[in-house]
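Got your viewer open? Here is a short tour, one selection at a time.

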Amino acid sequence: MADVQIGDFCSLNPLELFQQVTAQGETIRSLKAEKAPKDEIDAAVKLLLSLKMSYKTATGQEYKAGAPPTDFAPVSNGPGDAEDDDFVDPWTVQTSNAKGVDYDKLIVRFGSSKIDKDLINRIERITGHKPHHFLRRGIFFSHRDMNQILDAYENKKPFYLYTGRGPSSEAMHVGHLIPFIFTKWLQEVFNVPLVIQLTDDEKYLWKDLTVEKAYQYAIENIKDIVACGFDINKTFIFSDLHYLGLSPGFYKNIVKIQKHVTFNQVKGIFGFTDSDCIGKISFPAIQAAPSFSTSFPHIFNNREDIQCLIPCAIDQDPYFRMTRDVAPRIGYPKPALLHSIFFPALQGAQTKMSASDPNSSIFLTDTPKQIKTKINKHAFSGGKDTVEEHRRYGGNCEVDVSYMYLTFFLEDDDKLEQIKQAYTSGALLTGELKKTLIETLQPMIAAHQQRRKQVTDEMVKEFMTPRKLAFDF
């Protein structure tokens, strides 16, 4: 991370400030150990004190070594300035805005590109398929190098898909389905291989889990993923704890990546501190390695030139910014990405759903009665306090969670627009909107549960067996 001058700190988020304070403390210790001139040490101390003051202003907390910010009250730079109110990394999503994260500003901050109408039209023209409603509605809203993938497809050059899941619990919730629903559509319209990574090693390192429990969660999550309907002849699903011991190619790529990323870089990207275990520090290379086709020699016949397309939520982008930086230095193509927005908790769009909070989520194991109760009791409403006020002023779809969920799961564009108009005008009440969502989710989840019952241990084993897929390379 580049040095920051006094006066520039207001542009940093709390985690970046924490990293700067930590780095500046290390600088001062080095200066003292080297017996640097007093004026140089004094200047460094002055900068450290200024950084600590900025950190306290941003978080309301004193800086504490080894304890990065996890719960803070962000300070806005002024009315309507939501950028510094949003905090996004692979483990934390926080915003004070009831509408959720400002994704346009996130695109600018992350340096990605907006999925615009021209790109959506090009996908439709090239594939001959109507764009998925996740594209039409901006649920997948950002990309890196998608036009390169389309160029390759037009020129009959191969590419493959890579997505994943961190198995932190036995039961997945509906938000976890988003990348898999979209990836399945991509696989079908482009007819390409797919690899799905289960990062059970990551969950062991970050959570209070045994290795055995993390692997068990991976197997249970794989059953839900298989139930999404992936083609076993075109899809390889793997657990890190299992596959790493079977694939020298995978491990070789991990080592190559590790050699080209410094400790300072991963601290700057992910906020790691000196007190984090070395497993966390080395893990990003494991999530990066499936981006390269030589990690799967059984599928790609050791070819090094096959580009990868990764559909994922935008919070995973830091892993792949690192990967894209490393790729040309180890002789591989940069992976392309498609980013989705976050799936909101029932309580509102200020955060993602959490597998650890049963009332924040609709789980794939929920009964019809549980689904109805959770939505009626916990789904945040954009309606008014009384029926009279709602009829007069209408509801706010931008903050109403039931409407947000329908944008994900109600495929009929015309019906969704009718619901929006009726709710905004006040003709449709909150209870009626929630009823529509309940009637949409109950059969969808029941059908998923039926498909999951058909997934046997043998099927899981076959999906997880390294093997040639239905493609020749």
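## Stop one: H133 and its surroundings

Select H133 and show whatever touches it: beyond the residues within four places in sequence, its contacts are T407, F408 and E411. Keep in mind as you go that this model is predicted. H133 belongs to helix α5, which covers residues 133-136. Is H133 buried or exposed? With a relative accessible area of 5%, H133 is buried, since the cut-off for that label is under 20%. Now zoom in on the side chain of H133, where one of the polar atoms is 2.8 Å from the backbone oxygen of F408.

## Stop two: helix α18

F408 leads you straight to the next selection, residues 401-409, which form helix α18. How many of the nine residues of α18 are buried? The count is nine of nine, so this helix is mostly covered. Colour them to see the set: V401, S402, Y403, M404, Y405, L406, T407, F408 and F409. T407 and F408 are two you have already met, as contacts of H133. Then go to the start of α18 and display D400, where a side-chain oxygen comes within 3.0 Å of the backbone nitrogen of S402.

## Stop three: α9 against α21

Next, select residues 211-226 (helix α9) together with residues 457-464 (helix α21). Their axes are 10 Å apart and make an angle of about 95°, so the two helices are roughly perpendicular to each other. To view the contact, show Y215, I219, I222, K223 and V226 from α9 and D457, M459, V460, F463 and M464 from α21. Colour this contact by residue class and you will find eight nonpolar residues, two charged and no polar ones.

Centre on I219, which sits in α9. This residue is buried, at a relative accessible area of 17%. Outside its neighbours within four places in sequence, I219 contacts V460 and M464. For a distance to check yourself, pick the C-alpha atoms of I219 and E170: they are 8.7 Å apart in space, with the two positions 49 residues apart in sequence.

## Last stop: the nonpolar cores

Zoom out and select F140, M146, I362 and L441. These residues touch the most other members of the largest nonpolar core, which has 79 residues. Add residues 177-190, helix α7: with eight residues, this helix gives the most to that core. Finish with another core, of 36 residues, lying apart from the largest one; among its members are I286, I299, V326 and L337.

Conventions:
Residues numbered from 1 in each chain as written. Predicted model: local features only at pLDDT ≥ 70, side-chain atom pairs only at ≥ 80, totals over all residues. Heavy atoms only, no water. Axes fitted to C-alpha atoms, helices over the stretch in contact; angles between N-to-C directions. Helix = DSSP H or I, 4+ residues; strand = E, 2+ residues; numbered from the N terminus. Parallel < 35°, antiparallel > 145°, perpendicular 65-115°, else oblique. Contact = heavy atoms within 4.5 Å. Nonpolar A, V, L, I, M, F, W, Y, C, P; charged D, E, K, R; others polar. Buried < 20%, exposed > 50% of the residue type's maximum accessible area, 1.4 Å probe, protein only. Polar contact = N/O pair within 3.5 Å; in protein donor to acceptor, adjacent residues only side chain to side chain. Core = buried A, V, L, I, M, F, W, Y, C linked by side-chain atoms within 4.5 Å.
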